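Welcome, and thanks for joining this tour. Open your viewer, get your selection tool ready, and let us walk through the model one stop at a time.

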Amino acid sequence: MKTTIKKDCFAKVNLSLDVLGRREDGYHNLEMIMQTVSLKDILTVSVDTDAGETVVTVECNNSSVPQNDDNLAAKSAKLFLEKAGQKAAVKIQIEKNIPMGAGLGGGSSDAAGVLTALNEIYEFPLKKEELVDVAAGIGSDVPFFIYGGTMLAEDTGTKLSPVLSVKEMTILIAKPMFPVSTPHVYKSLRLSHETVHPDTKNVIAALEIGDLKKLSENAGNVLETVTAAEHKEIDEYKNIMLQSGAAYALMSGSGPSVFGVFENEDEVLGAYKTLSNLTEEVYITKAV
Ligand code: C5P
């Protein structure tokens, strides 16, 4: 049997990101509000079940995406087949639009897309919770992308609960022209009594009633203490978005992407124009 499926794999921003503390295993306990946005990679997953043994290949329109076992999408396909007790030749084609090393979860979203595509092709051998378990073994952000939407992510990011978000949001994303390493940012993070933490409960309350002012007063990203101290672009981009009329602006994940939430289309276009003079990677997106 040969089957092909296409999947849209959306990027995310962290509407808020709190780090509660370092764990004994080196990871960190988090409270994040994650939101998928309309910027997306497009995956084509083809399966040939007559192959007899498992072979996974990855092709991508961007040559800097690893096309070997380091690729999270390839790893996901192998783990899925193992878990489902199947053998197959799997070809994954990735149309890459989400910038990499950006704090936008592109690699994690593609990995989740492979898991859901294969589960569909094999007619759902894994229940959603089992798929989420496999996802957690691939990376902390991967389980979120099995669901998408607006979610509270706790523990290492893998404990998820849906959050009601009533407001339509236009989200402008700008990525400076350099990547950031997530392990480096977490390793460099020093929490102290002076660390300013976001108020996640109030962020959730603000989203539930669509109050962007309340959202801006309570959201934050603790990882900015590392990335914004190392790269002046983070505050520079945030200020441009705020001066252009964003309700609020923050860094996403470990950066370096900065996003702004806008209510007014003219204001978002103004910010888009200004930021386009500074970087090639600027995107007007919607929360999805
Ligand atoms: O889980 P994932 O491989 O995506 O995480 C990448 C890196 O981010 C980890 O190696 C770790 O340094 C850091 N991390 C962390 N605490 C988390 C999630 C990620 O320290 N909850």
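Which helices and strands each supply at least two residues of the lining of the largest pocket? To find out, select strand 1 (2-22), strand 2, helix 1 (72-84), helix 2 (106-121) and helix 5, for these are the elements that each do so. Please keep in mind as you look around that this is a predicted model.

**Stop 1: the largest pocket**

Stay with this pocket for a moment. The largest pocket holds about 1,100 Å³ of space. Its lining is made of 42 residues, and to land at its centre you can select Ser108, Asp141, Thr182, Pro183 and Ser254, the closest ones to that point. Now try colouring the lining by class: you should find 18 nonpolar, 17 polar and seven charged residues.

**Stop 2: the ligand**

Next, show the ligand. The space that the ligand takes up is this largest pocket. Select the residues around the ligand: Gly26, Tyr27, His28, Leu30, Gly139, Ser140, Thr156, Thr182, Pro183 and Tyr186. Colour this shell by class too, and it shows four nonpolar and six polar residues, with no charged ones.

Which elements should you highlight here? Strand 2 (28-48) and helix 5 (182-188) each give at least two residues to the shell around the ligand. Helix 5 contributes the most, with three residues.

**Stop 3: polar contacts of the ligand**

Zoom in on three residues, one by one.

- His28: an N or O atom of its side chain is 2.7 Å from an oxygen atom of the ligand.
- Ser140: a polar atom of its side chain lies 2.5 Å from a ligand oxygen atom.
- Thr156: here the backbone takes part, with an N or O atom 3.0 Å from a nitrogen atom of the ligand.

Then switch on a surface view. On its own the ligand has 450 Å² of accessible area, and the protein covers 74% of that.

**Stop 4: the second largest pocket**

For the last stop, move to the second largest pocket, with a volume of about 270 Å³. Select Asp8, Thr116, Phe145, Ile146 and Tyr147, which are the closest to its centre among the 20 residues that line this pocket.

Which elements line this one, with at least two residues each? They are strand 1, helix 2, helix 3 (128-136) and helix 4 (142-147). Helix 2 provides the largest share of this lining, five residues. Coloured by class, the lining of the second largest pocket splits into nine nonpolar, seven polar and four charged residues.

Technical notes
Residues numbered from 1 in each chain as written. Predicted model: local features only at pLDDT ≥ 70, side-chain atom pairs only at ≥ 80, totals over all residues. Heavy atoms only, no water. Near = heavy atom within 4 Å. Polar contact = N/O pair within 3.5 Å; in protein donor to acceptor, adjacent residues only side chain to side chain. Areas by Shrake-Rupley, 256 points an atom, 1.4 Å probe, with all protein chains shown as cover. 1 Å grid on protein atoms, 1.4 Å probe; cavity = no way out; pocket = protein on both sides within 12 Å on 5 of 7 lines; lining within 4 Å. Sits in = over half its atoms within 2 Å of the grid points. Helix = DSSP H or I, 4+ residues; strand = E, 2+ residues; numbered from the N terminus. Nonpolar A, V, L, I, M, F, W, Y, C, P; charged D, E, K, R; others polar. Points joined across faces, edges and corners; volume = space filled by probe spheres on them.
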